[in-house]
Amino acid sequence: MAAGSLRRSIASRLSKVLDLPPENLIKSISAVPVSKKRHVADFQLSIASVIENSSSDCLAQDLHLQAQQLAERLKCDSVVSAISAGPGTVNFTINRELLAKTVLQQVWKDGSEYGVKSELFSTVPRQKAVIEFSSPNIAKKFHVGHLRSTIVGNFIANLKVALGHEVVRINYLGDWGMQFGLLGVGFQSFGNKEKLKSSPLQHLSEVYVKINKAAEDENTKKLAKDFFRKLEEHDEQTLSIWKQLRDLSIEEYIRIYKRLGVHFDEYSGESFYQEKAQEVLKMLEDKGLLQKTIKGTGIVDLSEKKDLSTVSTVMRSDGTSLYITRDLAAAIDRMNKHSWDTMIYVTDKSQSNHFQHLFQILKLMGYDWAERCQHVSFGLVQATKEIQDPVETAEKVGLAALIIQDFRGLLSSDYQFSWDRALQSRGDTGVFLQYTHARLHSLEQMHGNAELTDVNVACLQEPDAISILQHLLRYDEVLYRSSQDLQPKHIVSYLLTLSHLAAMAHKTLPVKGSAPDVAQARLCLFHAARSVLANGMKLLGITPVTQM
C-alpha cells in the first residue's frame, strides 16, 4: 500500500525517538487532506494520540510545545524531505519524486485492491456477515424507501466483500401477515389474471388500494381474517392463490434488481417462518418469558424492573404469530444455517424500536450473539415529485445521480430528493463522477495506454499533480472510516474531491502537445486517478461509464 510503506517508514523513525513499537504509531499517522488554498504536508502525527496519559485537559499550548520539541528531535532523510510542527501535530513532507513513484506503482500493482490491502485492515478479522436489505412487501409498489434500503445494503455488502469478508445477501420479503388476508380477498374480488401476468406489482398495488377502501366494512374485515387463517392452516386453494401472487412478484423484483445492478444470495420471507414462529412462542413459554394479557395476546416484558412498562407483543389473541415473532424465528434460523459473525438489517429509522425489541428478546432467550446484530437505519426520502417509475428513471439518467444524492449525507438524515439537483453535470453529483470517469477514459484511448515502466516522475512536480498524488494516499483511510461506521458519505466525498482535482489537472496538465516523457508521466497520473475513481464508484454500486 502506497501510504503504507511511507507511513511505516515514518513510524519506524518515530519509534526510535519515542521509544514505542512502530505498530502502535501507524494509526496515529494520517495522510493530510488536500487543501485548495495552500500547500500541505503529506502526513501528520497527532501528538495527543501518542502521549501517555494525554487527558482532555492537556492544554493546546502544551501539545503545540510537545509537537515542536518532537519535530526538532527528528531528522530529514531520503524519504522525508521536510518536518514541521503544527497545532498539536508533527507534519511530514515526503520526497516529491518518491511520493509520485510510490503512489503510481502501488495503484498500478494493486489495481482493484488498491486501498484494501492497507495495513490499517491487518488487525481486522475476516468475518462472515449476513445482510438483510431491500425487503419490499409483496402487493405494494417498489417505492423510494425500498430503493434506499436496496442501495445502502448493496453498498455495505460490496464494501465487506472488497475487504475480504464473506457476505450472504438476503432479501426478506413481506409475504405473510394480515395484509395477505386483505390482498387474497381483494384478488378474488378485483383481480385480473392477464394484468397480474403482465405487471404483477402494479396490478396488486391497485387491488390492494381498492380492497383497503372496502375494508372499512366489517364483513370484508371478517373475510380477510378468514383468508389469512386458512393460509396459516395450509388450506390448498388459499395457498395456491398466495403462491401465484408471490412467485410473479418475485419475478418482477428480480428484473428490477438486475437493472439496479444488485443481486441476492437468498430470497426469504416471513412465510418461511410461520411454523418456526410457533416454535419460538413455545420456547418463550418454556423459558417463562411469554405472558398473556386479559385480551389473550402474548407479550414479553422488556422493562428493567419487570413492571411491564415496556412490553413487546409477540402473539395475537387467536394464537397466530406477528411480524416480530417471525423475525425472531428468522434470526435463530440464520444463525443455525450460516453461523455468521455479524448480522446487519438495513431499514428506515421508523423500525428502530422494532429492532431494539428484537435484539432484547433474543438476549432474554439466552442468545448472546444478539449483541452482534446491528440495525443500520436511514432517514426518509421526501420526493419532490412522485417518481412514477423510480427504477426506469434512475437507469436513464444513471443510477449514479440517485446514489450520490442519497449517500452524500449521514444515512440517518431525512432528505428531499430532487432530480434537478441530482442531474447537474457540474457540482457534487453522480453525473459529474461519471463524466469525469468517461473523460479520463477517453484521454487514455486517445493517447494510448500509459506504461508505468518508463515514467519519469520528475515530470510530476506541479502543484496540481502533487494534489492528486496526496489525495490518492488517503484512500485507505477513507475506506477504513467507512468500514467502521458503514457510512458511504466518506467515500462519496473522497471521490467528488478526486474528480474535482482530476478536472483541474486535466486543464493545467495537458497530455497533448507535451514532451513525450511529460505526456507519459501525466497519462500515468490520470490513469491512477481513473482507476481509484472506478474502484470507489463500484463499491457504492455505480457502474462507471466509458462514454457519455
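## Fold overview, one open sheet and one helix pair

The chain is made up of 21 helices and 14 strands, as seen in a predicted model. Along the principal axes, its C-alpha atoms fill a box of roughly 85 × 55 × 35 Å. Of the 548 residues in the chain, 55% are buried, and the area that the chain exposes comes to about 25,300 Å², with 50% of it supplied by carbon and sulfur atoms. When contacts between residues at least 6 apart in sequence are considered, 72% of them join residues at least 24 apart.

Four strands form an open sheet in the order E1-E2-E4-E3, and their pairing is antiparallel. Strands E1 and E3 lie at the edges, each pairing on one side only, and neighbouring strands of this sheet are turned by 25° against each other on average, direction ignored. Within the sheet, E2 and E4 run antiparallel and are joined by four bridges; Ser 46 has Thr 89 in E4 as its bridge partner.

| Strand | Residues |
|---|---|
| E1 | 29–31 |
| E2 | 43–46 |
| E3 | 80–86 |
| E4 | 89–94 |

Helix H8 (residues 200–214) packs with helix H10 (residues 236–260) at an angle of about 130°, and their axes are 9 Å apart; the two helices are therefore oblique to each other. On the H8 side the contact involves Pro 200, Leu 201 and Leu 204, which meet Leu 245, Leu 248, Ser 249, Glu 252, Tyr 253 and Ile 256 in H10. Sorted by class, this contact of H8 with H10 has seven nonpolar residues, one polar residue and one charged residue.

Notes
Residues numbered from 1 in each chain as written. Predicted model: local features only at pLDDT ≥ 70, side-chain atom pairs only at ≥ 80, totals over all residues. Heavy atoms only, no water. Axes fitted to C-alpha atoms, helices over the stretch in contact; angles between N-to-C directions. Parallel < 35°, antiparallel > 145°, perpendicular 65-115°, else oblique. Contact = heavy atoms within 4.5 Å. Nonpolar A, V, L, I, M, F, W, Y, C, P; charged D, E, K, R; others polar. Buried < 20%, exposed > 50% of the residue type's maximum accessible area, 1.4 Å probe, protein only. Areas by Shrake-Rupley, 256 points an atom, 1.4 Å probe, with all protein chains shown as cover. Pairing = 2+ DSSP bridges.
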